[in-house]
Amino acid sequence: MQKKSEFLEASKRELMGENLESCSLEDLNKLEGQLEQSPGKIRVIKTRLLSAQVTHLEEKTRVLSEENELLQNQCKETQLILLDSTRLVALYDNNNQHKEVETDLYIGCL
């Protein structure tokens with residue numbers, strides 16, 4: 001485990017450009033190839049992550065649009081119910097408009 005850790009540390013230093021004096025020409029060519037391939041690998045990973053994020057956001061947009069449509073329909077139904085109840089109250093008031101009620105106020109015992 002310790003040897004593996006030391007190897008990884010040495011590889012890291014080489015990739016960072018440290019201690020290259022002790023590397024052979026073959027090692028330097030191998031390192032150069034790795035460094036040239038790295039941006040391509042990074043682009044592939046970045047593209048994959050961005051694509052997944054776009055897919056997630058598109059799904060979220062679809063869900064929110066459906067929820068918005070549902071809420072708009074509920075709002076329209078509520079407005080229709082309120083409009084109908086307002087019409088019923090107005091109709092009731094119009095029908096009972098001509099009735100007069102006589103009331104007397106008594107204070108004390110009858």
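## A salt-bridge trio on a helix

At 39% relative accessibility, Arg62 counts as partly exposed (between the cut-offs of under 20% for buried and over 50% for exposed, with a 1.4 Å probe and protein chains only). This is a predicted model, where local features need pLDDT of at least 70 and side-chain atom pairs need 80 or more, while totals for chains, interfaces and linings use all residues. Residues are numbered from 1 along each chain as its sequence is written, and side-chain values use heavy atoms, leaving out hydrogens and water.

Let's stay with Arg62 for a moment. What links Glu59, Arg62 and Glu66? They are joined in a network of salt bridges (a side-chain nitrogen of Lys or Arg within 4 Å of a carboxyl oxygen of Asp or Glu). A search of the whole structure turns up two salt bridges, and here they are:

| Salt bridge | N to O distance | Spacing in helix α2 |
|---|---|---|
| Arg62 and Glu59 | 2.4 Å | three residues |
| Arg62 and Glu66 | 2.5 Å | four residues |

Each spacing is about one turn of the helix. An α-helix has 3.6 residues a turn, so residues three or four places apart point the same way. Both of Arg62's partners are partly exposed too: Glu59 has 38% relative accessibility, and Glu66 comes in at 45%.

Now zoom out. The chain has two helices and zero strands (DSSP runs numbered from the N terminus: H or I of at least four residues for helices, E of at least two for strands). Helix α2 covers residues 25-95, and helix α1 covers residues 2-15. How far apart are the end C-alpha atoms of α1? They are 20 Å apart, which agrees with the span its 14 residues should have (1.5 Å times one less than the number of residues). Just after α1, Gly17 takes a positive phi of about 90 degrees.

What about the surface? Of the chain's 110 residues, 2% count as buried. The chain exposes about 10900 Å² (by the Shrake-Rupley method with a 1.4 Å probe), and carbon and sulfur atoms supply 58% of that.

Finally, there's the largest pocket (an open set of points on a 1 Å grid where a 1.4 Å probe fits, with protein on both sides within 12 Å along at least five of seven lines). Its volume, the space filled by probe spheres set on the points, is about 250 Å³. Lining residues have an atom within 4 Å of a point, and they include Phe7, Leu15, Cys23, Asp27 and Gln34. α1 and α2 each supply at least two residues of this lining. By class, the lining has six nonpolar, two polar and three charged residues.

How values were computed
Ala, Val, Leu, Ile, Met, Phe, Trp, Tyr, Cys and Pro count as nonpolar, Asp, Glu, Lys and Arg as charged, and the others, Gly among them, as polar.
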